[in-house]
Amino acid sequence: MHASRGTQKRSAGLGLALLSAFAFGGSGVAAKPLIEAGLDPLHVVWLRVAGAALIMLPVAWRHRNLVRERPALLAGFGLFAVAGVQACYFAAISRIPVGVALLVEYLAPALVLGWVRFVQRRPVTRAAALGVVLAVGGLACVVEVWAGLSFDALGLLLALGAACCQVGYFVLSDHGGQEGRGEGTDGRRAEPPHPLGVISYGLIVGALVLTVVARPWGMNWSLLGGTAGMNGTGVPAWALLGWIVLVATVLAYGSGVVSVRRLSPQVAGVVACLEAVIATVLAWVLLGEHLSAPQLIGGFVVLTGAFIAQSAAPKPPSGPVAAGAGAAAGAVEGAVGSELSAGRAPH
C-alpha cells in the first residue's frame with residue numbers, strides 16, 4: 001500500500017516537474033518580443049511579478065501566519081527567487097539570445113558545489129567536480145570564447161547574476177521545506193511552511209522591490225494595447241503578457257514547488273534541465289534564434305555537466321542548511337523557478 005502511494009506520488013511529482021519546466025521555458029520567448037517592442041526589461045519583469053502577486057493575493061491572505069513565523073524566508077525568497085532571478089534573466093535576454101542566457105544560468109550547479117565546498121566546508125565527489133568542469137567547458141562553446149566573446153559582456157554577466165540568484169532560490173526553497181521535518185519545541189513534528197504561501201509572499205516582496213527599481217509609473221502603457229513581433233508575426237502584447245503572468249509565473253512556480261515536495265531534489269533537478277532545452281527550441285521555432293553547431297554541442301555539454309554535478313552531489317546530512325545546498329544542486333531553473341524543496345532557472 002505504502003509503495004503504491006509512493007509510486008503515485010512520484011509519478012504526479014514528475015508530471016508537475018515537466019509542466020513547470022515547460023512553463024518556465026516559455027517565459028523568455030514571450031518576454032523578448034515585448035522588450036523588442038519598446039518595453040524596458042525591468043518593466044516586463046515588474047508586470048510579470050506584480051500580476052502574479054495580484055493573482056496570488058487570496059493565497060497569501062490564507063497563509064498570513066507566515067509573515068510572523070517565517071519573515072526571513074519570505075524576504076529572501078522574494079529578493080532572490082523572484083526579483084533577482086527574473087530581473088537578471090529578462091535583462092540578459094534583452095542583450096543575448098534566450099538559449100544562451102539560460103545556458104549561462106545553468107551554471108548554478110557549479111556555484112552550488114562551490115557553496116557546499118567553501119561555505120559549508122563539505123567535500124564534493126570527483127564526479128561532481130567533473131560535472132562542473134564539463135559545464136564550464138560547454139559554456140565556453142556556447143559563448144564562443146575563441147571568437148573573442150562575441151556576445152554582449154554585460155548580457156553574460158546578467159545571466160550569471162541570474163545563476164547566482166538561482167542558487168539562493170533553491171537553497172531557501174529546500175531550507176523552508178526542511179525546517180518542517182524536525183520537531184517543534186513542544187516535541188511534536190513541526191509542519192513545513194506551505195509552499196504556495198511562501199511563493200505568494202515571495203511574489204509580493206519581489207513586486208515591492210521591483211516597484212522601487214523599475215519605476216513602472218514611467219512605463220509606456222500604450223504598448224500593451226499594440227502588437228509585438230514574433231519572428232515576423234504580430235502577436236497582441238496583452239496575450240504575451242497574459243502567458244508570462246499566468247503560465248510562466250503562477251503555473252510555473254506553483255507546479256514546480258509542489259513537484260519538488262513530491263520528488264527528491266536530485267530528480268527534480270534533472271527534470272529542470274529540460275527548461276533550457278525547451279527554451280532553446282521555442283526560441284529557435286518562434287523567434288528564429290538559430291544557434292551554431294558548436295553552440296548546440298556546448299549546450300548539450302553544459303546540461304550533461306549540470307546533470308552529473310547535481311546527481312553526484314553528496315547526500316546532505318539531516319538539517320536545513322546542508323539540505324538546502326543539496327536541493328540547490330537541482331537548480332540546473334529553475335526553473336521558477338521556484339520550488340520549495342527544490343529542484344530549477346531562472347531561471
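Gly-38, with a positive phi near 130°, comes right after helix H2. Helices here are DSSP runs of H or I with at least four residues, strands are E runs of at least two, and both are numbered from the N terminus. This is a predicted model, in which local features need pLDDT of at least 70, side-chain atom pairs count only at pLDDT 80 or more, and totals for chains, interfaces and linings use all residues. Residues are numbered from 1 along each chain as its sequence is written, and side-chain values use heavy atoms, with hydrogens and water left out.

**Two covered helices**

H2 itself spans residues 27-36, and 9 of its 10 residues are buried, so the rest of the structure largely encloses it. Buried means under 20% relative accessible area, exposed means over 50%, and partly exposed is in between, using a 1.4 Å probe and protein chains only. The buried set in H2 runs through Ser-27, Gly-28, Val-29, Ala-30, Ala-31, Lys-32, Pro-33, Leu-34 and Ile-35, so a lysine is in there too.

H7 gets similar treatment: 8 of its 8 residues are buried. They are Val-98, Gly-99, Val-100, Ala-101, Leu-102, Leu-103, Val-104 and Glu-105. Leu-102, which sits in H7, counts as buried because its relative accessibility is 0%.

What does H7 pack against? Helix H7 (residues 98-105) meets helix H14 (residues 274-287) at an angle of about 170°, and their axes are 8 Å apart. For the record, axes are lines fitted to C-alpha atoms, for helices over the stretch in contact, and angles run from 0 to 180 degrees between N-to-C directions. The pair is therefore roughly antiparallel, a label for angles over 145 degrees; under 35 is roughly parallel, 65 to 115 roughly perpendicular, and the rest oblique. On the H7 side the contact (heavy atoms within 4.5 Å) uses Val-98, Gly-99, Leu-102 and Leu-103, while H14 brings Glu-275, Ala-276, Ala-279, Thr-280, Ala-283 and Leu-287. Sorted by type, that makes 7 nonpolar, 2 polar and 1 charged. In this sorting Ala, Val, Leu, Ile, Met, Phe, Trp, Tyr, Cys and Pro are nonpolar, Asp, Glu, Lys and Arg are charged, and the others, Gly among them, are polar.

**The core and the annotated segments**

The largest nonpolar core has 78 residues, and Leu-34, Val-44, Tyr-89, Ile-93 and Leu-203 have the most contacts inside it. Such a core is a set of buried Ala, Val, Leu, Ile, Met, Phe, Trp, Tyr and Cys residues joined through side-chain atoms within 4.5 Å. Helix H6 (residues 71-93) supplies the largest share of this core, 12 residues.

An unreviewed UniProt entry lists "transmembrane region" for several stretches, including 73-92 and 198-217; its positions follow the numbering used here, feature names are shortened, and annotations may be inferred rather than shown by experiment. In the model, residues 73-92 are 100% helix and 0% strand, with the end C-alpha atoms 26 Å apart. Residues 198-217 come out at 85% helix and 0% strand, and there the end C-alpha atoms are 28 Å apart.

**Around strand E1**

Two non-glycine residues with positive phi turn up here. Arg-215 has phi near 50° and is found in the loop between helix H11 (195-214) and E1; its relative accessible area of 55% makes it exposed. Asn-231, with phi of about 55°, is in the loop between E1 and strand E2 (233-236), and at 48% relative accessibility it is partly exposed.

Met-230 is in strand E1 (residues 227-230) and counts as buried at 14% relative accessibility. Neighbours within four places aside, Met-230 is in contact with Val-29, Pro-33, Val-235, Leu-240, Leu-286 and Leu-287. Gly-229, also placed in E1, is partly exposed at 43%.

**Pairs distant in sequence**

Trp-243 lies in helix H12 (residues 237-262) and is partly exposed, with a relative accessible area of 33%. Apart from residues up to four places away, Trp-243 touches Phe-22, Gly-26, Ala-30 and Ala-248. Here are some C-alpha distances across the chain.

| Pair | Apart in sequence | C-alpha to C-alpha |
|---|---|---|
| Trp-243 and Gly-26 | 217 residues | 8.6 Å |
| Gly-229 and Leu-34 | 195 residues | 8.1 Å |
| Met-230 and Gly-288 | 58 residues | 8.6 Å |
| Leu-102 and Leu-160 | 58 residues | 9.4 Å |
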